[in-house]
Amino acid sequence: MTTPRSGASPNAAVKIVDFGPFLDGTDKQGVADAILDSFKNIGFVYLVNHGLPQTKIDSMFEWSRKLFSQTPAVKQLAPHPSSGAHHRGYSAPGKEKVQHFKYDMTDPSAVRPSEIPRDIKESFEVGREDNEAMPNIWYPEGTLPGLKEACLDFYWTCYETEKMILRALALGFHVPEEYFLPHHANADNQLRLLHYPSIPASTLGHEDASRIPSHADFCSLTLLMQDDVGGLEVQDANHPGGFVAVPPVAGSIVVNAGDCLMMWSNDTIRSTVHRVRSPTLVNQTNGVIPARYSIPYFCGADFSTVVDSIPGTWSADRPKLYEPTSAGEYIMKRLALNY
């Protein structure tokens, strides 16, 4: 299959950007400007020729399917703790209470937290192995041998791609290319394997029903690998309360900005509310929506970082919208709300 070039997107609101010219140095500024432009418009971008080896992506999906095909008893051998402050291990469907955002149509410019209508997924969370504050929770020796090594290898492979994207964003903001790197030196990130089990289409018939409710990410960036089932939707910037599909694009990863990066940019870019609902481009068999697998990699600033507006994003005419914010305190507060 031919890899799409920049701009040829199945969703006109989310650009496809060819990251290759940034990686090989032939057009760094052009790629940086295109990514930042899509982030300003909708907070999301597809990247092709992104540098993540497809063989490693495919292998990680194979591991994900193997993990989630185990019996509930086996999967629970690496249980997520009851506290969201320790976001590691396996979570069964319904355990995580993702904070759901719903529009208040009396004030269309605002979103507000609301009760969770549904959260139909299971997950497995991994961080860096040397994180003493939030250690990984692995399966006992002899259960799913090789999973630990595969997860850690993919974790660090994604980190290399994260750093290249951060370099591109810095050029987009016209600050030194290394601007964000000292603030993401510890790889305080999270690799998440996600499985949305097959379900009757009627389950998602209600307008508020979802496989994962509408929410915004709270990190700097999220890199998303998804299978070909689809269902990801993002808030439509032009129609408050509406959503547009972000269907899978072969050979791409989806990258979106999180709350920390939005604050860093003084709201120059968007941390866009998104959700997973019934896919529009797959065939249903006997009224059943097929299972979906995805692998998000959440890229967080070092917990010691104080997030303050990037030079050039504020002035006397455009003052800073946020007080300097501790990345660690903000992230832990948001994590704690999810369990």
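Of the 339 residues in this protein, 54% are buried. What you're looking at is a predicted model, with seven helices and 18 strands. The average pLDDT is 86, and 81% of the residues score at least 70. Two stretches fall below 50, namely residues 1–5 and residues 98–117.

**Overall build**

- Among contacts with a separation of 6 or more, 77% are between residues 24 or more positions apart.
- The accessible surface adds up to about 14,400 Å². Carbon and sulfur atoms own 53% of that surface.

**Where to be careful**

- Residues 1–5 have a pLDDT below 50, and the model gives this stretch 10 contacts beyond near neighbours in sequence.
- Residues 98–117 stay under 50 as well, with 45 contacts beyond four places in sequence.
- Where pLDDT is low, don't read the predicted coordinates in detail.

**Strand S7, covered on both sides**

- Strand S7 takes in residues 190–196, and seven of the seven are buried, so the strand is largely enclosed by the rest of the structure.
- Side chains in a regular strand alternate between the two faces of the sheet.
- On one side of S7 you'll find Gln190, Arg192, Leu194 and Tyr196, and on the other Leu191, Leu193 and His195, all of them buried.
- S7 runs antiparallel to strand S6 (residues 122–126), and five bridges join the two. Val126 sits opposite Leu191 of S7.
- S7 also pairs with strand S16 (residues 292–299), again antiparallel and over five bridges. Here Leu194 stands opposite Ser294 of S16.

**Cysteines and the missing disulfides**

- How many disulfides does the structure hold? The count is zero.
- A disulfide is a covalent bond between the sulfur atoms of two cysteines. To count as one here, the two sulfurs must be within 2.5 Å.
- Why is Cys158 not bonded to Cys299? The closest cysteine sulfur to that of Cys158 is in Cys299, but it is 7.8 Å away, which is too far for a bond.
- Cys219 also has its closest cysteine sulfur in Cys299, and at 6.4 Å this is too far for a bond.
- Cys158 is buried, at 0% relative accessible area. Cys219 counts as buried too, at 7% relative accessibility.

**Two helices, checked by length**

- Helix H5 (residues 147–172) has 26 residues, which should span 38 Å at 1.5 Å a residue. Its end C-alpha atoms are 37 Å apart, in agreement with that.
- After H5 comes His174, with a positive phi near 60°.
- Helix H2 (residues 28–41) has 14 residues and reaches 20 Å from first C-alpha to last, close to the 20 Å expected at 1.5 Å a residue.
- Which H2 residues are buried? They are Val31, Ala32, Ala34, Ile35, Leu36, Ser38 and Phe39.
- Gly43, just after H2, takes a positive phi of about 80°.

**Gly20 and its partners**

- Gly20 lies in helix H1, which covers residues 20–23.
- Is Gly20 buried or exposed? Gly20 is buried, with a relative accessible area of 14%, and the cut-off for buried is under 20%.
- Setting aside neighbours within four places in sequence, Gly20 is in contact with Val48 and Asn49.
- His50 is 30 residues from Gly20 in sequence, yet their C-alpha atoms are 6.4 Å apart in space.

**Positive phi in the loop between H6 and S14**

- Asn266 is in the loop between helix H6 (259–264) and strand S14 (274–276). Its phi is near 55°, a positive value in a residue other than glycine.
- Asp267 has its place in the loop between H6 and S14, with a positive phi near 65° in a residue other than glycine.
- Buried or partly exposed, which is it for Asn266? Asn266 is buried, with a relative accessible area of 0%.
- Asp267, in contrast, counts as partly exposed at 33% relative accessibility.

Notes
Residues numbered from 1 in each chain as written. Heavy atoms only, no water. Buried < 20%, exposed > 50% of the residue type's maximum accessible area, 1.4 Å probe, protein only. Helix = DSSP H or I, 4+ residues; strand = E, 2+ residues; numbered from the N terminus. Pairing = 2+ DSSP bridges. Expected span 1.5 Å × (residues − 1). pLDDT = per-residue confidence, 0-100. Contact = heavy atoms within 4.5 Å. Areas by Shrake-Rupley, 256 points an atom, 1.4 Å probe, with all protein chains shown as cover.
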